[in-house]
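Colleague: I am new to reading protein models, and I would like to look closely at one part. Could you take me through a sheet and what surrounds it, step by step?

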Amino acid sequence: MSDPRVDKLAHVLVTYSLGLRPGDQLFIETTPLAEELNLAVLREALQAGAHVFMQPVQPGSDEIFYEYASQEQLSYASPALKFIYENFDASLFILAPQNTRALSSIDPTRVSRGKKARMEAMQALYERSARGTFKWCYTAFPTAALAQDAEMSLREYEDFVYGAGWLDRPDPAAAWREEEERQQRLVDWLAGKKRVALKGKDIDLQLVIEGRSFVGGGARENFPSGEIFTSPVETSAQGWVRFTYPSIYGGQEVQGIELEFEAGKVVNERAAKGQALLTALLDTDAGSRYLGELGIGTNYSIQRFTRNILFDEKIGGTIHLAVGLGFEEAGGQNKSGIHWDMICDMSESEITVDGELFYKDGKVVV
């Protein structure tokens, strides 16, 4: 028996998040494990008049690729993918893994090289998105692997996923439009501000945001959403941070991350577990030791850490920092083959902006 929340999710993705119109070309990257959602999205997209190209990725293919690919193959940037991002109108990525730890035994430098090549192909996506000529969305379909990572039963995890997307509400799209308006008020308040200071038991960090803009996450590019974010001035980060939760990259977990910044650059990194992967990713390229994002989680329907950054970075009462690629639409200039989010609990911390208290103990106070 199909879950009616899946049909509701497909409808919101097509009509609200992507806003598909007749004639739009939509690229969907997914796996066979999301069959129910794949078919529901296909139906909704066709009814909207879109042309759909779906690419189901076979579970296990990433593991084979990173194990057997030559250095040349790892560095290969697909012209087909680049063509899609340069010529299509929209893309949807549906996370639905069979095994989230499939790459755990792979050399992290190989994963980093492969991700960098893919990011080069995706550069057109980010550039066109910043100009408003390309729509994209990243979402997740609940699978047993994701439920296990979150330490939940599959049924419990399904309730979590659909609850985080407000699909239990009569009109989820209307609820997200209201959230967009709330976030826009915060974005407007932050406009023109120059400096941010984050202080608490796990953070003492100074950032410059002069000339940068905050962006609201109203469930357009991520579903679910619930964050505001910007790209700080690349050479401005000064101080240190200890991240509360593990950070996952390519199915590998890094725990107890601490970073120290000087003149914007990570000059010292430590991890209780996964030190080699942390250092390898920070050494990916010239931009990977600089911040590409400061984000503030605003989705208080998400209060559990699930080892899935799509949800975890939105946890109400947290901030996240990403090393690597910056957001052009926020004024970011950092270029990198990675964009790696790390999450810090702010329940006993504060954020001041140009000396004025903006956020205290997990809540915006302006």
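Modeller: Happily; we will start with one sheet, and then visit some neighbouring topics. Please keep in mind that this is a predicted model.

Which strands make up the open sheet, and in what order? There are five, arranged as β7-β9-β15-β16-β17, and their pairing is antiparallel. At the edges are β7 (215–217) and β17 (339–345), each of which pairs on one side only. On average, neighbouring strands in this sheet are turned by 25° against each other, if direction is ignored. As general background, the strands of a sheet are paired through backbone hydrogen bonds, and they can be parallel or antiparallel.

Let us zoom in on the β7 end. Strand β9 covers residues 227–230, and three bridges join β7 to β9, with the two running antiparallel. To see one of these pairings, find Gly-216: its bridge partner in β9 is Ile-228. A helix rests here too: α9 (residues 172–190) packs on the sheet and touches both β7 and β9. The direction of α9 makes about 30° with that of β9.

Now pick out a single residue, Phe-229, which is found in strand β9. Is Phe-229 buried or exposed? With a relative accessibility of 6%, Phe-229 counts as buried, because the cut-off for buried is under 20%. Which residues does Phe-229 touch, once its neighbours within four places in sequence are set aside? Its contacts are Ser-213, Phe-214, Val-215, Glu-293, Leu-294, Gly-295 and Phe-327. One of these, Val-215, brings us back to the edge strand β7 (215–217). For a sense of scale, compare Phe-229 with Ser-105: they are 124 residues apart in sequence, and their C-alpha atoms are 33 Å apart in space.

Just ahead of β9 there is a detail in the backbone that is worth finding. Pro-224 lies in the loop between β8 (222–223) and β9. The peptide bond leading from Phe-223 to Pro-224 is cis, and its omega is near 5°.

Next, let us turn to another set of strands. Strand β18 (residues 349–353) has four of its five residues buried, so the rest of the structure largely encloses it. It has two partners to look at. Strand β5 (residues 195–200) pairs with β18 in the antiparallel sense over five bridges, and here Leu-198 stands opposite Ile-351. Strand β19 (residues 356–360) is joined to β18 by four bridges, again running antiparallel. In that pairing, Val-353 has Glu-356 of β19 as its bridge partner.

Between β18 and β19 the chain makes a hairpin with two residues between the strands. Asp-354 is found in this loop, and its phi is near 50°, a positive value in a residue other than glycine. Asp-354 is partly exposed, with a relative accessible area of 42%. You can find another example of a positive phi at Ala-263, also near 50°. Ala-263 lies in the loop between β13 (258–262) and β14 (265–270), and with a relative accessible area of 46% it is partly exposed.

From the strands, let us move to a helix, α8. Which of its residues are buried? They are Tyr-157, Phe-160, Val-161, Tyr-162 and Ala-164. The elements that cover them include α1 (4–17), β4 (135–140), α7 (144–149), α9 and α11. You have met α9 already, as the helix that packs on the sheet. After α8 comes Trp-166, with a positive phi near 60°.

Finally, the aromatic rings: the structure holds 14 aromatic pairs. One of them is formed by Phe-160 and Phe-311, with 5.3 Å between the centres and 55° between the planes, so it counts as tilted rather than edge-to-face, which needs over 60 degrees. This pair links distant parts of the chain, since Phe-160 sits in helix α8 (residues 154–164) and Phe-311 in helix α11 (residues 309–312), 151 residues apart. Phe-160 counts as buried at 10% relative accessibility, and Phe-311 is buried too, at 0%. Elsewhere, ring pairs link Phe-27, Phe-53, Tyr-85 and Phe-134 into a cluster.

Terms used. Residues are numbered from 1 along each chain as its sequence is written. This is a predicted model: local features need pLDDT of at least 70, side-chain atom pairs count only at pLDDT 80 or more; totals for chains, interfaces and linings use all residues. Side-chain values use heavy atoms; hydrogens and water are left out. Rings of Phe, Tyr and Trp (its six-membered ring) pair if their centres lie within 6.5 Å; planes under 30 degrees apart count as stacked, over 60 as edge-to-face and the rest as tilted. Buried means under 20% relative accessible area, exposed over 50%, partly exposed in between (1.4 Å probe, protein chains only). Two strands pair if DSSP finds at least two bridges between them. Axes are lines fitted to C-alpha atoms, for helices over the stretch in contact, and angles run from 0 to 180 degrees between N-to-C directions. Contact means heavy atoms within 4.5 Å.
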